[in-house]
Amino acid sequence: MSIYNGGSRRYQDRFDTRRLADRLEERLVARTAIDEDDRAFIEGCDMLFIATADADGRPQCSYKGGEPGFARVLDERTVGFPNYDGNGMFLTAGNAVLNRHVGLLFIDFELRKRLRLNGVAAHSDDHPLLAEYPEAQFLWLVEATELFPNCPRYIHHYTLVEHSRFVPKTACRTPVPAWKRRAWANDALAADDPAYAGDAEVLET
């Protein structure tokens, strides 16, 4: 079954790229297995973008970040990564409950490389890997259905300054984002939110 729909074909025909699109699908998109090069790239990334849609097709696109290796390749079809505390809206996670089809985009701005992985998502509260992520709420498990690299020519070259201090670590206590201490949010937080701790370190995001 082709990855292209009528809309894709319409633009391919308009710009005379149908032949190229078919060749790329044949060479790059036909695979569903994560190979060793893919594994090395995915597990070296410190971020990913995840696209979801609800049951009516309304989309969300979210950024997920962590230390390098926060996304793990569990087998040749499956990627796992943690869901950390956010703003409590759960728009992306909620979409994946109703519509399990997701798209992941891994980018390394220093290497100027990216990889797209489309698949079917599930959430786990008891996967053994979850124990390796301090403060993770649950684990995302995405089974690949399509896997392919993208041309890197439009990826801007950035250099990392520092990783976010908000990423949970075993060795230290996670700071609290300052917005959780503000009047508009403070009385609406979850009962066990760390922002209620008087001795918590508070940082602007």
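The following exchange deals with aromatic pairs and exposure in a predicted model.

Residues are numbered from 1 along each chain as its sequence is written, and side-chain values use heavy atoms, with hydrogens and water left out. In this predicted model local features need pLDDT of at least 70 and side-chain atom pairs count only at pLDDT 80 or more, whereas totals for chains, interfaces and linings use all residues.

Student: How are the rings of Tyr 11 and Phe 15 arranged, stacked or edge-to-face?

Tutor: Rings of Phe, Tyr and Trp (its six-membered ring) pair if their centres lie within 6.5 Å, and planes under 30 degrees apart count as stacked, over 60 as edge-to-face and the rest as tilted. For Tyr 11 and Phe 15 the ring centres are 6.4 Å apart and the planes stand at 5°, so the pair is stacked.

Student: Does Phe 15 count as buried or exposed, and at what relative accessibility?

Tutor: Buried means under 20% relative accessible area, exposed over 50%, and partly exposed in between (1.4 Å probe, protein chains only). Its partner Tyr 11 counts as partly exposed at 49%, whereas Phe 15 counts as exposed, with a relative accessibility of 52%.

Student: How many residues apart in sequence are the parts that Phe 109 and Tyr 158 tie together?

Tutor: Phe 109 and Tyr 158 form an edge-to-face pair, with 5.5 Å from centre to centre and 75° between the planes. Strands (E, at least two residues) are DSSP runs, as are helices (H or I, at least four), numbered from the N terminus. Because Phe 109 lies in the loop between S5 and S6 and Tyr 158 in the loop between S7 and strand S8 (176-177), the parts tied together are apart in sequence by 49 residues.
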